[in-house]
Amino acid sequence: MEMNNYFKSMVEQDKCAVVICDLEHTIIYMNPAAVKNYEKYGGESILGKSLLHCHNPHSCEMIIKVVDWFEKDVSNNIVHTFFNEKQNKDVYMVALRDDEKNLIGYYEKHEYRNRDMSDFYVFD
């Protein structure tokens, strides 16, 4: 069964920003939440550009160190990069690997700590 459509749909429905990069740090995918979140930086227009151009020198250095760590061992797959107090969210970098466990890229995942105040689904 082809799972790509399921995974793509799952990521596109996520309310949290997801930005996927290849090993050259090129942004190859942004879900709709990421496009909206990074609108002031160009939104969808930053697709195909280097993630490193969106960060200060210290952050770039840390991103490169995390990717190096991902490459050292197939069990090195997720890192909590920081907590954004203003937005009450945690940010992670997650390794992306192929079927042979080779590192093929990484993604940035945001997880908000705010309680979801939307209505619960009610069965009739």
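User: Why is K65 called partly exposed?
Analyst: K65 has a relative accessible area of 45% in this predicted model. Partly exposed covers the range between under 20% and over 50%, so K65 at 45% falls in that range.

User: And what makes E61 partly exposed?
Analyst: The reasoning carries over: E61 has a relative accessible area of 40%, which lies between the two cut-offs of 20% and 50%, so partly exposed is the label.

User: How do you know that K65 and E61 form a salt bridge?
Analyst: Check the distance from N to O, which is 3.3 Å for the side chains of K65 and E61. The limit is 4 Å between a Lys or Arg nitrogen and an Asp or Glu carboxyl oxygen, so this pair qualifies. They sit 4 residues apart in helix α3 (residues 57-72), and that separates them by about one helical turn.

User: How many salt bridges turn up in the whole structure?
Analyst: The search finds 5. Among them is D14 with K109, where the closest N and O atoms are 2.7 Å apart. That's within the 4 Å limit, so it counts.

User: Why say that D14 and K109 tie parts of the chain together?
Analyst: Look at where they sit. D14 is in the loop between α1 (4-13) and β1 (18-22), while K109 belongs to strand β5 (residues 103-112), so the pair ties together parts 95 residues apart in sequence.

User: Are D14 and K109 buried or exposed?
Analyst: They get separate labels. K109 is at 14% relative accessibility, which is under 20%, so it counts as buried. D14 comes out at 26%, so it lands in the partly exposed range.

User: What makes D90 and R113 a salt bridge?
Analyst: Their side chains meet at 2.8 Å, N to O, and 4 Å is the cut-off, so they pass. The pair links distant parts of the chain, with D90 in strand β4 (residues 89-97) and R113 in the segment after β5, 23 residues apart. D90 counts as buried because its relative accessibility of 7% is under 20%.

User: Why is the sheet said to have edges at β2 and β3?
Analyst: The order in this open sheet of 5 strands is β2-β1-β5-β4-β3, with antiparallel pairing. β2 and β3 (78-84) each have a single partner strand, so one side of each is left without a neighbour in the sheet. From one strand to the next, the twist averages 20°.

User: How do you know that β1 and β5 pair?
Analyst: Pairing takes at least two bridges, and 5 join these antiparallel strands, so β1 and β5 pair. For example, V18 has K109 in β5 as its bridge partner.

User: Why is N31 called buried?
Analyst: Its relative accessible area is 0%, and buried means under 20%, so the label fits. N31 lies in the loop between β2 and α2 (32-37). Leaving aside residues up to four places away in sequence, it touches V11, E12, D14, C16, A17 and V18.

User: What makes N31 and V18 a polar contact?
Analyst: A polar atom of the N31 side chain lies 3.0 Å from the backbone nitrogen of V18. The distance limit is 3.5 Å, so the pair is within it.

User: What is notable about the phi of H25?
Analyst: It's positive, about 70°, although H25 is not a glycine. H25 is in the loop between β1 and β2 (27-30), and counts as buried because 10% is under 20%. K101, in the loop between β4 and β5, has a positive phi near 75°.

Terms used: Residues numbered from 1 in each chain as written. Predicted model: local features only at pLDDT ≥ 70, side-chain atom pairs only at ≥ 80, totals over all residues. Heavy atoms only, no water. Buried < 20%, exposed > 50% of the residue type's maximum accessible area, 1.4 Å probe, protein only. Axes fitted to C-alpha atoms, helices over the stretch in contact; angles between N-to-C directions. Polar contact = N/O pair within 3.5 Å; in protein donor to acceptor, adjacent residues only side chain to side chain. Contact = heavy atoms within 4.5 Å.
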